[in-house]
Each structure stands twice: as structure tokens, then as C-alpha cells.
Amino acid sequence: MKKKLMLAGFALALGAGYTLTAFSQVKPETMVKQRQAVMTLQGKYMGPLGAMAAGKAPYNADTVALNSAFLDALSRMPWDGFAESTKGVTVKTAALPTIWSEPAKFKTAQDNLQNAVQALVKVSRGGDEATVKAAIGTVGKACGACHQDFREKQN
């Protein structure tokens, strides 16, 4: 009886694992759309920060803290959407082939963004305005550097 129960449990676990694997395989087109959505949201939350750093909007520490927290989460999200399977998708994408031909450089760019955002989050909790604005500038440079090497130029 124990042996049959154990075998049934093993078969159930194996079947559940197979089902989860099948359901977790996302279409490449969906992955592209998801990464694009994350990048759009990054722009939404970075825009006001960039305006503050450039003196085009009044400095607001609460907005900095909130937007940097959102950016911290968002800066971790898009990278799995750049899977090899998304290279030849029919969805319009600005991703350049260098993403796949220079994966180490692309990974470094991702890490630079995440590190810059994490530094911004830290200084947004009580840092003075000049320090926060400098950190915002570092995030902007990290975004721009990645776009320079890995994103098609937009008109």
C-alpha cells in the first residue's frame, strides 16, 4: 500500500512539474511586449526625476523617494525578456543585435543601471538635494549608455 501511494505521489509530482513547465513557457512576442512595457514604466518614473535634476521641475523629496522605489523594482524586470528566442520576433522592437552578440557587455549595462538605481534609493532616504540630483544623473547616464549600445536610434 505504501509503495503504491508513494508511486502515485511521485507520478503526481512529476506531472505537476511538467504542467508548470509547459505553462511557464511564454511566447517570444509576449516577452518582447512585456520588456517594452517595463521600459515604458521606467521612463514614466524617471521623467519627473530627470526634470528635477535638470532644474525644470521643483525638487520634491517625496516624489524622489516614491519614484526611485518604483525604479528599483522596475530595473530588475525587463532582462529575462531579452531571451535568445526573441531575436527574430515579428513585434517591432528597437533592440539591437548587439544584445545577443555582446551578452557580457549587455549584462554589465544592466548591472550598472541596477546599481545606480539602488544608490539613488539609498540617498533618497534623507540625502541632501545636491547628492540626490547627482544620483539621478548617474541613473540617467546608465540608461543612456545602455540605449547607446543596445537600442536602435529613435527619430
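Which residues does Arg 35 touch, not counting residues up to four places away in sequence? Pro 78, Gly 81, Phe 82, Thr 86, Thr 93, Ala 95 and Trp 100, where contact means heavy atoms within 4.5 Å. Keep in mind that this is a predicted model, with local features needing pLDDT of at least 70 and side-chain atom pairs counting only at pLDDT 80 or more, while totals for chains, interfaces and linings use all residues. Residues are numbered from 1 along each chain as its sequence is written, and side-chain values use heavy atoms, leaving out hydrogens and water.

Arg 35 sits in helix H2. This Arg 35 is buried (under 20% relative accessible area, 1.4 Å probe, protein chains only) yet has no salt bridge, meaning a side-chain nitrogen of Lys or Arg within 4 Å of a carboxyl oxygen of Asp or Glu. Asp 80, the nearest side chain of opposite charge, is 9.0 Å away.

Now zoom out. The chain has six helices and zero strands, taken as DSSP runs (H or I, at least four residues; E, at least two). Buried residues make up 28% of its 155 residues. Of the contacts with a separation of 6 or more, 75% join residues 24 or more positions apart.

Then there's the largest pocket, an open set of points on a 1 Å grid with protein on both sides within 12 Å along at least five of seven lines. Its volume, the space filled by probe spheres set on the points, is about 670 Å³. Of its 30 lining residues (an atom within 4 Å of a point), Met 39, Thr 40, Gln 42, His 147 and Arg 151 are closest to the centre. H2 gives the most to this lining, with eight residues.

Key:
1 Å grid on protein atoms, 1.4 Å probe; cavity = no way out; pocket = protein on both sides within 12 Å on 5 of 7 lines; lining within 4 Å. Buried < 20%, exposed > 50% of the residue type's maximum accessible area, 1.4 Å probe, protein only. Lys, Arg positive; Asp, Glu negative; His and termini not counted.
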